[in-house]
Amino acid sequence: MSVLLAIGTRKGLWLATSSDDRASWEVTGPHHPMTEVYAVGIDTRRATPRLLAGVTSEHFGPSVATSDDLGATWAEPGHAPIAFPADTGESLARAWQLVPGPVSEPDVVYAGTEPSALFRSTDGGRTYELVRGLWDHPHREHWTPGGGGKAIHTVLPHPTDPGRVTVAMSTGGVYRTEDGGETWAARNTGIKAVHVPDPYPEYGQCVHKVARHPAEPDRLFAQVHHGVYRSDDAGDTWQSIADGLPSDFGFPIVVHPDRPEVIYTFPLVADAMRFPPEGRCRVYRSEDAGKSWEALGPGLPDGYWAGVMRDAMCTDDADPAGVYFGSRTGDVYASRDDGDSWQLVAAHLPDVLSVRAARV
């Protein structure tokens with residue numbers, strides 16, 4: 001079994017491969033040097049997985065690069081693959097999310113962008129069109145930037161119903177369409193907003209990340225700006241699952257690939273103290289959908305003061321599951337046993353922004 005781990009950083013993309021059940025890794029890079037790679041995707045719906053990288057050059061601007069040979073070569077169009085129509089008066093800052101659509105639509109890829117918008121590709125991620133229904137939503141003029149920018153950072157296509165897509169943004173909250181993007185509704189009931197006078201508004205929450213398992217598409221998990229939540233009704237209502245964590249602040253949240261009730265997160269002290277509690281690098285795992293939590297530490301360091309960003313944690317699709325995260329100091333850790341133990345894959349890379357892993 002071979003596993004590929006794609007590592008997007010502030011200065012390019014690194015690729016780590018393992019052919020010995022993730023016991024050791026070979027790391028190559030940088031691919032696309034001196035570009036910010038906020039978004040990476042691995043599309044496993046085709047015989048040879050397609051890699052997608054949202055690259056942003058200070059000189060050439062943002063683009064999407066694709067590879068059909070696991071990173072040996074890359075294709076990048078001469079024109080902008082993601083571009084706002086002229087009548088919007090906006091220009092693309094970067095792609096924050098590149099997500100393959102459902103299996104029933106093998107050429108559909110979604111892109112979440114900054115400024116906050118959703119784009120859809122029907123040619124495997126080479127070109128994209130703006131989803132007008134969300135762009136024209138009356139709430140949009142009230143969406144504001146979070147600390148990292150005003151962006152859609154989560155896109156969750158429904159695994160069996162192509163008309164249903166859930167997105168999340170900072171700041172704005174969670175929105176869902178059930179008609180292929182024509183109309184959208186805010187889905188934030190129960191999520192607290194700590195930065196506005198009304199603690200439970202219809203929209204405007206600073207949601208950091210949302211995740212789900214395709215076998216349980218109506219169960220969602222969210223890491224919020226001071227809050228961790230679960231929804232059992234596709235986002236219609238949310239309840240806190242932060243009890244048992246050392247802090248309710250953090251950025252990533254991911255779901256185990258085979259066990260829908262198992263989730264992982266990386267708590268930080270607070271919004272103004274963005275490092276692990278007591279300087280202990282720990283992933284926290286719940287095996288009961290957030291009812292209880294345990295710290296996972298073997299192989300992870302103490303005296304560690306780096307954070308993990310919203311897309312810098314992921315799982316692979318192997319058994320037992322691999323769990324991965326990269327830090328803002330450029331360290332990348334991997335577990336090949338569901339998070340029970342950890343090893344260092346790479347150190348001293350640039351600031352890690354995004355990671356994705358899959359069997360190849």
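What percentage of the 360 residues in the chain is made up of buried residues? Buried residues make up 59%. Buried here means under 20% relative accessible area, exposed means over 50%, and partly exposed lies in between (1.4 Å probe, protein chains only).

Before you click: this is a predicted model, in which local features need pLDDT of at least 70, side-chain atom pairs count only at pLDDT 80 or more, and totals for chains, interfaces and linings use all residues. Residues are numbered from 1 along each chain as its sequence is written, and side-chain values use heavy atoms, with hydrogens and water left out.

**Stop 1: the whole chain**

Show the chain as a cartoon. Its secondary structure comes to 1 helix and 27 strands. Helices (H or I, at least four residues) and strands (E, at least two) are DSSP runs, numbered from the N terminus.

Now look at the overall dimensions. Along the principal axes, the C-alpha atoms fill a box of roughly 50 × 50 × 35 Å. The radius of gyration is 19 Å, which agrees with the value near 21 Å for a compact globule with 360 residues. That radius is taken over C-alpha atoms, and the globule rule is 2.2 Å times the number of residues to the power 0.38.

Turn to contacts, meaning heavy atoms within 4.5 Å. Of the contacts with a separation of 6 or more, 49% come from residues 24 or more positions apart.

Switch on the surface. The accessible surface comes to about 13,900 Å², and 48% of it belongs to carbon and sulfur atoms. Accessible areas come from the Shrake-Rupley method with a 1.4 Å probe; for residues, only the protein chains shown count as cover.

Colour by charge. There are 31 positive and 48 negative side chains, and the centres of the two sets lie 2 Å apart. Lys and Arg count as positive, Asp and Glu as negative; His and the chain ends are not counted. Each charge is placed at NZ of Lys, CZ of Arg, CG of Asp or CD of Glu.

**Stop 2: the cysteines**

How many disulfides does the count come to? The count is 0 disulfides, where a disulfide is a pair of cysteine sulfur atoms within 2.5 Å. Select Cys 281, which is in no disulfide: the nearest cysteine sulfur, that of Cys 314, is 15 Å away. Cys 281 is buried, at 0% relative accessibility. Then select Cys 206, also a buried residue, with a relative accessible area of 8%.

**Stop 3: two cis prolines**

Go to Pro 30, in strand β3 (residues 26–31). The peptide bond into Pro 30 from Gly 29 is cis, with omega near 5°. Next, pick Pro 320, in the loop between β23 (313–315) and β24 (323–326). Here the bond from Asp 319 to Pro 320 is cis, with omega near 0°.

**Stop 4: two alanines with positive phi**

Select Ala 234, in the loop between β17 (227–231) and β18 (239–240). Its phi is positive, about 65°, although it is not a glycine. Ala 234 is buried, at 7% relative accessibility.

Move to Ala 289, in the loop between β21 (283–286) and β22 (294–296). Ala 289 is not a glycine either, yet its phi is positive, about 60°. Ala 289 counts as buried, at 5% relative accessibility.

**Stop 5: Gly 112**

Find Gly 112 in strand β8 (residues 109–114). Is Gly 112 buried or exposed? It is buried, with a relative accessible area of 0%. Beyond residues up to four places away in sequence, Gly 112 touches Ala 95, Trp 96, Gln 97, Ala 117, Ile 152 and Val 155. Draw a C-alpha distance to Arg 94: the two residues are 18 apart along the chain and separated by 9.0 Å.

**Stop 6: Lys 150**

Lys 150 sits in the loop between α1 (132–135) and β11 (151–157). Lys 150 is partly exposed, at 26% relative accessible area. Leaving aside neighbours within four places in sequence, its contacts include Thr 113, Glu 114, Trp 143 and Ser 170. Add Thr 171 to the selection: Lys 150 and Thr 171 are 21 residues apart in sequence and 6.6 Å apart in space, C-alpha to C-alpha.

**Stop 7: Arg 336**

Finish at Arg 336, in the loop between β25 (332–335) and β26 (343–346). Arg 336 is partly exposed, at 37% relative accessibility. Not counting residues up to four places away in sequence, Arg 336 touches several residues, among them Asp 20, Asp 21 and the Pro 320 of Stop 3. From Arg 336 to Thr 315, the separation is 21 residues in sequence and 9.7 Å in space, C-alpha to C-alpha.
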